[in-house]
Protein chains: 2
Amino acid sequence: MDTQAAQRVAHDGGADLFGVCPFVTSQSVLQGKWAILILHHLAEGPLRFNELLRRMDVAQGTLSKQLKNLEHEGLVRRIVHADGPLRVEYELTDIGLKFRGVLDAIEAWGNDYIEFLRTHDGDDVR
Amino acid sequence: MDTQAAQRVAHDGGADLFGVCPFVTSQSVLQGKWAILILHHLAEGPLRFNELLRRMDVAQGTLSKQLKNLEHEGLVRRIVHADGPLRVEYELTDIGLKFRGVLDAIEAWGNDYIEFLRTHDGDDVR
DNA sequence: CGGGATCCTATGGGATACTG
DNA sequence: CAGTATCCCATAGGATCCCG
């Protein structure tokens, strides 16, 4: 381990609230550009890799990594169909399905915010 | 209509859906390590800069930038009190207050997920 | 089809020092 | 008190090539 990494570990005495605070914990799952979008698309049902790829304009490698993360975190299940040609589907697990509550809230607020953006056209948001 | 034209229409070539899709739009606001946490702390009422600093173990510069972002995006309002010593408070705007719906959903799911993590101890999540 | 491996860049975020 | 400025690094994510 190099010096910098060692220092970071040593200094990490600060309380990491992952697994303790629901907001910190959720944040670590929601971080990144694609998690919410993937979860959103899978919320309606299982999808194959290339189908996800087509729905979200994302690089293959990136999608692959993100799906592995979500699988590791327990939100997504990867299913390989044994019949015929290679066919893989991704679907939400139980805890992944529960996330739809968050997705619904995000959708509602997102629409409110889009409306807000239009009515405050002068302000340079983003 | 010929086939190629139909396909070009159907396939949204790299369009940025910010301001169009509520999920993409929300994601751009929620991205980053601190936005959700800041919003959560401000949801209960206005807070001063150093008070936020104390509640979340974050670097000053980082907090400053994040607050500027949220202010720019219209979720947070910065209030400078003119009396006596320098005193600044941050509070949620109307559209920021509406975000509490998302925060509530996140809190609920976060707690479910924490429970899920405990009952699946063998899996190395994160 | 469904990826993995590799390389590269952009940027988020921490540490530190300084300021009105 | 409430920042700003600067430097630096770790990581996310895109592009490209390759594979079973």
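**Two protein chains and two DNA strands**

In this predicted model, a phosphate oxygen of DNA strand C sits 2.7 Å from an N or O atom in the side chain of Asn50(A). Asn50(A) also appears, with Ser64(A), Arg78(A), Tyr90(A) and Lys33(B), among the residues that come nearest to this strand, out of 21 around it. Two further polar contacts reach phosphate oxygens of strand C. One uses the backbone, with an N or O atom of Val88(A) lying 3.2 Å away. The other comes from chain B, where an N or O atom in the side chain of Gln66(B) is 2.8 Å from a phosphate oxygen.

Backbone atoms make up much of what the protein meets on strand C: of the strand's atoms within 4 Å of the protein, 77% belong to sugar or phosphate, and the rest belong to bases. On the protein side, chain A brings in helix H4 (49–55), helix H5 (60–72) and strand S3 (87–92), while chain B brings in helix H5 (60–72), each of these elements giving at least two residues to the surface near strand C. Sorted by class, that surface has 8 nonpolar, 7 polar and 6 charged residues.

Next comes DNA strand D. Here 22 residues lie around the strand, and the ones that come nearest are Lys33(A), Gln66(A), Ser64(B), Arg78(B) and Tyr90(B). A polar side-chain atom of Gln66(A) lies 2.5 Å from a phosphate oxygen of strand D. Chain B adds side-chain contacts to phosphate oxygens of strand D as well, with an N or O atom of Asn50(B) at 2.8 Å and one of Arg78(B) at 2.7 Å. The elements giving two or more residues to this surface are helix H1 (3–11) and H5 of chain A, plus helix H4 (49–55), H5 and strand S3 (87–92) of chain B. For strand D, too, sugar or phosphate accounts for 77% of the strand atoms within 4 Å of the protein, with bases making up the rest. The class count for the surface near strand D is 8 nonpolar, 7 polar and 7 charged residues.

As for the fold behind these contacts, chain A holds 7 helices and 3 strands, laid out along the sequence as α-α-α-β-α-α-β-β-α-α. Of its 126 residues, 44% count as buried. Among the contacts in chain A between residues at least 6 apart in sequence, 38% join residues at least 24 apart.

Helix H5(A), one of the elements that face strand C, runs for 13 residues and reaches 18 Å from its first C-alpha to its last, close to the 18 Å expected at 1.5 Å a residue. Leu63(A), Gln66(A), Leu67(A) and Leu70(A) are buried in this helix. They sit on the same side of H5(A), because they cover an arc of only 100° around the axis. Covering these buried residues are, among others, helix H3 (35–42), H4, strand S2 (76–81) and S3 of chain A. Turn to the face pointing away from the buried side, and the exposed residues Lys65(A) and Lys68(A) show up. Just past the end of H5(A), Gly74(A) adopts a positive phi of about 90°.

Helix H3(A), part of that cover, is itself well tucked in: 8 of its 8 residues are buried, so the rest of the structure largely encloses it. The buried set runs through Ala35(A), Ile36(A), Leu37(A), Ile38(A), Leu39(A), His40(A), His41(A) and Leu42(A).

Ile36(A) and Leu37(A) also touch chain B. Together with Gly32(A) and Lys33(A), they are in contact with Gln27(B), leaving aside the sequence neighbours of Gln27(B) within four places. Gln27(B) belongs to helix H2 (residues 22–30) of chain B and counts as buried because its relative accessibility is 7%, with the cut-off for buried set at under 20%.

Over in chain B, Leu42(B) is part of helix H3 (residues 35–42). Leu42(B) is buried too, since its relative accessibility is 2%. Beyond its neighbours within four places in sequence, Leu42(B) is in contact with Leu47(B), Leu52(B), Val76(B), Tyr90(B) and Leu92(B). Tyr90(B) is also one of the residues that come nearest to strand D. Leu42(B) and Glu91(B) are 49 residues apart in sequence, yet their C-alpha atoms are 6.0 Å apart in space.

Definitions and conventions
Residues numbered from 1 in each chain as written. Chains lettered and ligands numbered in written order. Predicted model: local features only at pLDDT ≥ 70, side-chain atom pairs only at ≥ 80, totals over all residues. Heavy atoms only, no water. Near = heavy atom within 4 Å. Polar contact = N/O pair within 3.5 Å; in protein donor to acceptor, adjacent residues only side chain to side chain. Helix = DSSP H or I, 4+ residues; strand = E, 2+ residues; numbered from the N terminus. Nonpolar A, V, L, I, M, F, W, Y, C, P; charged D, E, K, R; others polar. Buried < 20%, exposed > 50% of the residue type's maximum accessible area, 1.4 Å probe, protein only. Contact = heavy atoms within 4.5 Å. Expected span 1.5 Å × (residues − 1). Arc of directions from axis to C-beta.
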